Each structure stands twice: as structure tokens, then as C-alpha cells.
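Hi everyone, thanks for coming. Today I'd like to walk you through a structure, starting with a sheet and then turning to the nonpolar cores.

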Amino acid sequence: MGRTEMSGPGMRMSRIGAGRAGSFVIAVAIVIGSFAASTGAQTAGKGAAPAPADVLGFIPGDDRKLADWQSISRYFERLAATSNRVRLETIGETTLGRPMLLATISSPANLARLDRIREVQRKLADPRSIESDAEARALQAEAVAVVLVTYGIHSTEVGSTLASTVMAYRLATDESASTREILDRAVVLIVPSLNPDGVDIVKKWYDASIGTDWEGEGPAELYQHFIGHDNNRDWYAFTQAETRAVVDRVHNVWRPHVVNDVHQMGSSGARLFVPPYLDPIEPNVPPELVAGGNMLGQSVAQHLTNAGLRGVVTDALFDAWTPARAYSHYHGGIRILTETASARIASPIVVAPDQLRGSRGFDARRASGNFPAPWPGGEWRLRDVVQYMTASTYAILLTAARQRDVLVEGFARIGREAVTHREGEPNAFLIPVEPALLPSAAGSKASTRVLSEAGATLLDVLTRAGVEVRIASSAFSIGGVTYPAGTAIVDYDQPYGGFAKALLEKQTYPDLRPGGEGAPVPPYDVTAHTLSLLSGFEAVRIDADFAMPSSTVWKLSPAASLRPPTVESSSRVGLYCGATAPMDEGWTRWCFARFGVNWKRLDDARARAGGLRKDFDTIVIADLSPAEISEGRAAKSAPVELTGGLGAEGALQLSHFVEEGGNLICLNGSSSWAIDALGLAVRNALASVPRTTFYCPGAILGLDVSLPEHPIVAGIAPRTIAWFEDGPGLEVPADSGARVVARFAESGRLLVSGWLLGPESLAGRPAIVEVPRGQGRVVLFAFRPQYRGQSLATMPLLFNAIGDPVEK
């Protein structure tokens, strides 16, 4: 689910009996099939396969019923033990130590030759090992469709993981011709949850909410321990254990032709989204994948509409711009995002017809070419969510099986073209030894760690994604320029050169306004993903031919396991953790854990209680809106003790903290809060500027150091970068006593990668400001220096502002 669309109710669906009655019957057999789950419907070979209700204790989709991860795991274990169509394996551990599962489902004949199926995939993805056209044709003829279905990455989208049990049971037990066709012509990979920790976090919270004023509200903690909803923005940086497990043990092993990523969206629009995606499409996505996604998505829409399931929309809401959500788009796989309208977690809702609303690319109240059968409104329950999910996934599987030849040919063509040089494309990218955008010397210990690990982090990302990276053993020259030993060389003509190019080149995001005028059209997420710049390195594109110098292959570094501390640290660094559970706070915790900054929690109640200087030297407030900080969660959205925010009393106590010698650091949106709540002699000059004049929804901008002697910018290059996303435009009066430590670059150099409307509104404005107050100070960042754990170029600025904390 994202931030663009909210939707509502839908059709009632039939349920059958009890026990094995966990299957759903819909109008047309081609979508779900004609089978009815009964005590007699089971797979030959191992015995009676359990229906989900036999293990979970309820039918998936029942009102107000959720399963914990242990129950989901136990269901898949029992299904694998009783079905000769199912194999189950553990692919890794979550951040909090739960097992992650992969179920492989196919015909017994296919399961007996899985190693060979994977080998065929590997060769077609990298045809450099194929010796002849005849071998290539034979491999394509031998291949089966490989479809990965990933569930439950966003844990409040509870229908997803429940639907995984229904889908697995259907494939394991159904004897219909359509299911047999899927099993014979495809291998189906099911990850029941990409975030098992969140399954339990949300169930515990939701169960406690039943019958209260806050029933169905989201939890007061992030459902992925560190990054919450942003776990679906990690598919090109691989910062989290869960992402790495799925990339290492599923994507890179199986190289699926199709990935169905099963999500939920809001409740007041369409019932289901499937591709085609909106423009823009990221330019490194192969056209075969764009066309294949269009074909599969339209097939799903046709199947569900034929079955009487109304409210399916295509070519709306979601774009395909960023690799952060689409690993498969750069690895030969079609990504089919399905987004189903949500209930109120597991509680039913009613959406009146006049509550339906239009959204990006369609109007939920009117039929159109991409929305031919509007849903009329009414009751919408969790069982509707599960029905639409299982129907759409089944349609994807059936279409993939029937279009096996088309999918395999497209996959093979992508592999061939990737290793064949094409005119206009680069020959290689070079990553310098010295990071031009990182400090030449460090201030704090954490900054020193960033400096020592930044290069390896970037090269590890590329290597984990299957990109071949070589390190020059000696100096070499290209076009009269000499590059030193240690330079990283990324040849473009390799299977996943497109992934490397997407992360190493600068993005030019299009202005989608008609005629370039009027209100800006926002991206679905952000507009830039140049990871090399964020990591502190300016990659060099090489178009000229050159001979590969003597070099060695970069090997993936061992990944450290980041586990949250079991006890509160004795650190005097506090991190504000409000009940709104903001992702930027979670990212800050992750950065602290990775780079060794000890900290302890500061919640609203503790802040309002005062006496903060006794326990803290530094307090960090991550990126939150002023309302989130001041007001917190609204009444009836959580237990009363979690509502209310800092309020005036909390602001007063933080002001006392600073006056008594404390160091208060505010990031991005929280800087706007501090200006007003603490009465600082600084103002946000962008506060009243309309989006038609200035808009920056996430881009890499130029940053110039103003006070090179200041400890916050110790060793920082005079010109570097910053991630800017809906931040303030600071203005500092000459007589304020505040010091401008760094400024955004002038207009001609401001936009480095992405999209920015109205650069003159921000150009040259302060980006880091130190405001003295009493014996302490407030440090205002007009950007996110620790953006999604990726911005290693500016993370030292935050760590230097904190300094080396004293442990007591």
C-alpha cells in the first residue's frame, strides 16, 4: 500500500461449511476453479492435506480473526508434510529472529527436477555460458514458468498473509484442469510473509483493540522493527535482514519470470489495482517486462470482471519509476503489483456511494476504459479482501502457465540483450577509490565508521544484486585519464548491468504537468535513486572502448546482524519516539545500530515530565510534521495514554533542556516544529509557498559548506549532496545569533538527480543552522541526513552533531 489511494466495500463472497471449508467459490471457474474444499478433496500421495481452518482455527477472512506467525508457519509445515506438491524451506531469520519461509509448489514431476529448472533459468539469464543457438532453443523449450508470489510485506495489510494459506491450499489439493495446468507448466514460489515480525506485532495490537474506540487503527510501533512501511523501499539497498534473505535465497536462486507482490490499499476507490502502471517507467526497465506486465495485468482484469468482481482498475495510481520497490524489474522478472482495497484491519466497514472518490488516473464513481465496472459501494469485509487477492493471484498463475512460451522468450531475450553491447549505451562505470562527497576526515567515532564502510557498502549492494564488480590491481588509463589502483570497474554488458546503471547514473524525472504548468503531479514515491551519490561517490560513465586492466573480483562482505538492544542503554543520547510510529525515527534507530551510536528512548510522557537535562546531553527528533510532534495520535486512535503528542508542556521542557546546556537536533519536518514551538529566531520561508511555485518530493540536491571549521562539517568536501524531500526553506536574520553551517547550492547547481520544481525558492538557503540558546543549542537540518539508511554522504553530519556521547 502507498500514499495515493483510499478505497472501500465490495461484493459478498460465498463460503463453504466448516473444517476444510476454507476455500472461496466465485462465479467463474477459470478464476478460482470449480472445486469445493471438502473433507474428501486432498492430494494423492501423502494423506489428508489440512485446510487453513484446520490449523488456524478460523476461515481466513473471518471478521476480527488474525493468525500469529507460529500458526501460519505450522499451517505450511503441515501442508508440506501431507502434499506431494509442496516443499517448504526456511530462507533466513527476521530482524527479531523469526523464521522466514518459502513454499515451492508444483507437480511432483517438476519438484523432482528443481535443480535442473534452476539451472535452465540461470543459463537463460546469463547466456554467456550457452554454446549454441540449438542449446538456447532447447533450454527455452525445457523451461517452465517460474512465478514468485510474495505476501505480507506491509503487516497491517492483513489479508495478504491469510491469502497465502488459501492459495497454497488451493494449489496443493485442487484437481481441476486449470490447477493441473498451472502445476505442470509452472513452479509457484510462495513467501507467506516478507515480514513475519509484523504479523505478530499487528495481531497483538489489533486483538487488544477489538471492542474499543480504536478498533482497527494502526499500531503505535513500526511493524517492521526498524523501518515499518519502508521495508518495501529496500529492494535496491538491501539494508534489512528480510530483504537480504529474499534476494539471496529466492530471487537470485530462482530468477522468476513473474513476481506477484500482494498488497492492500485504501478503502474509498477501486477494489483492486493491477498493471499497466502509470508513466513514468524507469528507463532501465526492459520493454519486454513492461509489455509482459501489461499483458498479465489486463488478463487479470478480464478474468475478475468476467467473474463478476467489480472495481478492478488498471493504468492508474502506481508508477514503475524506482528500483526501490521492484528488484525483479532489473533481473528479468515482470513485477505484477496487486493492490486490494482494505477493511479496517480485520474489522468490516461500509463505504457509502458518496464516499467513493476519484484518484490518480480514474474516477471511482464512473466507468472508464481502465475502470470498466465500478464497484457501487456498500459493505467491505476481510473476506472480500482475501477473495480478490486469491482470485487475482490464481488468474496470474493460470495466465503465466498458458503464456509460458511468451514469458520464457521474453526472459531469454532480456538475457541476450544484456550481454550484447548496444549503441548509445555505456561500456562501463567506474567507481573511484576516494569518495569525493564524503568527509576527508571524521569527527565522531560513528562518522569514522561511515568513512571506513561506505565504499564496501556500495560495492556490496551491486554484488548482492548479481552485478560483477572488478577492482583494478594497478593504475590504468581511458581516453587520456588515469585511474588509480583500487578503482572499481562495472562492465555494463553483463546480465544485470541495467541494475548497476540505474544506481550509478543521475535520474531525470519528467515533469508530468500538462504543458508544464499548473499543480505538480507527484511521483508515487520519490524521484531519485542514484545510490552512488548518496553513498558519497561520483561514478564515472565510460562510453569509449577500453581493455579491462588487471583486476580482481569484488567479494560480498559478511552482513552484520542488527538486532535491537534488549535493555535500555546508559547513553545520554535520546531519540524522540512518539506514538505515531514514524519511519524516519525507525531509520534513525537503524543507523544508530549499524554505526554504533548508543541511545535511549524519549517518549511523550517522559518529555512532558521534564528534568531532561538530568538524563540527556543530546536529543534527536527525526523527520516528523509539526502536528505529529505537537498533537501526536488523535483521541480514539489508540489507548488514551498514547494520544496527545508533546503538547505545549513537552515543548516547554525541551526548551528548558536546551537552555540548561542540552543539544537538540531536529531533522527536516521537525525543524519546522522547533522554529515555532521553541520560538527560534529562524523562519521557514517555504511555509506559505504553494506547490505550483516550489515542489521537491524527493531528490538529490547540491550542498555547500559555509563554515568549514565547524565540527558538524569536519572534513566535509566544500561541495557535496543532500537528500531533500518536503523540507523547510530556512531563513536566518543577520542579528539572530544563529550560524549557518551549510547551504543548498545556487540555482544552476541545485538539482543533482531527480526532479525539482522552482529551484530559485530554495537555492542558496541555509541547510544546516546552529541556533544558540542559553547554555545549549538547537541544530536544524533542512533535510534528512540519514535518508533511508542510504545517505552515507551526509550521515556523518548527524553523527558529528551528536558528537561522541559520554556513557554514565
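One term before we start: two strands count as paired when DSSP finds at least two bridges between them. Keep in mind, too, that this is a predicted model.

So, which residue of strand 21 is the bridge partner of Ile431? That would be Ala488. The two strands involved are strand 17, residues 428-431, and strand 21, residues 488-491; they run antiparallel and are joined by 4 bridges.

Let's zoom out to the sheet. It is an open one, with 5 strands in the order 22-17-21-18-23 and antiparallel pairing. At the edges sit strand 22 (540-542) and strand 23 (551-553), each pairing on one side only. From one strand to the next, the twist averages 30°.

Two helices to point out here. Helix 14, residues 445-464, packs on the sheet and touches strand 17, strand 18 (470-472) and strand 21. Its direction makes about 150° with that of strand 17. Helix 15, residues 497-504, also packs on the sheet, touching strand 17, strand 21 and strand 22; for helix 15, the angle with the direction of strand 17 is about 50°.

Now the cores. In soluble globular proteins, nonpolar side chains tend to be buried together. Here, the largest nonpolar core has 226 residues, and the members touching the most others are Phe499, Ile621, Leu664, Phe744, Leu780 and Phe799. Which helix gives the most to this core? Helix 12, residues 382-402, with 13 residues. There is also a second, separate core of 10 residues, including Ala528, Leu533, Leu534 and Trp723.

Thanks, everyone!

How values were computed
Residues numbered from 1 in each chain as written. Predicted model: local features only at pLDDT ≥ 70, side-chain atom pairs only at ≥ 80, totals over all residues. Heavy atoms only, no water. Core = buried A, V, L, I, M, F, W, Y, C linked by side-chain atoms within 4.5 Å. Buried < 20%, exposed > 50% of the residue type's maximum accessible area, 1.4 Å probe, protein only. Axes fitted to C-alpha atoms, helices over the stretch in contact; angles between N-to-C directions. Contact = heavy atoms within 4.5 Å.
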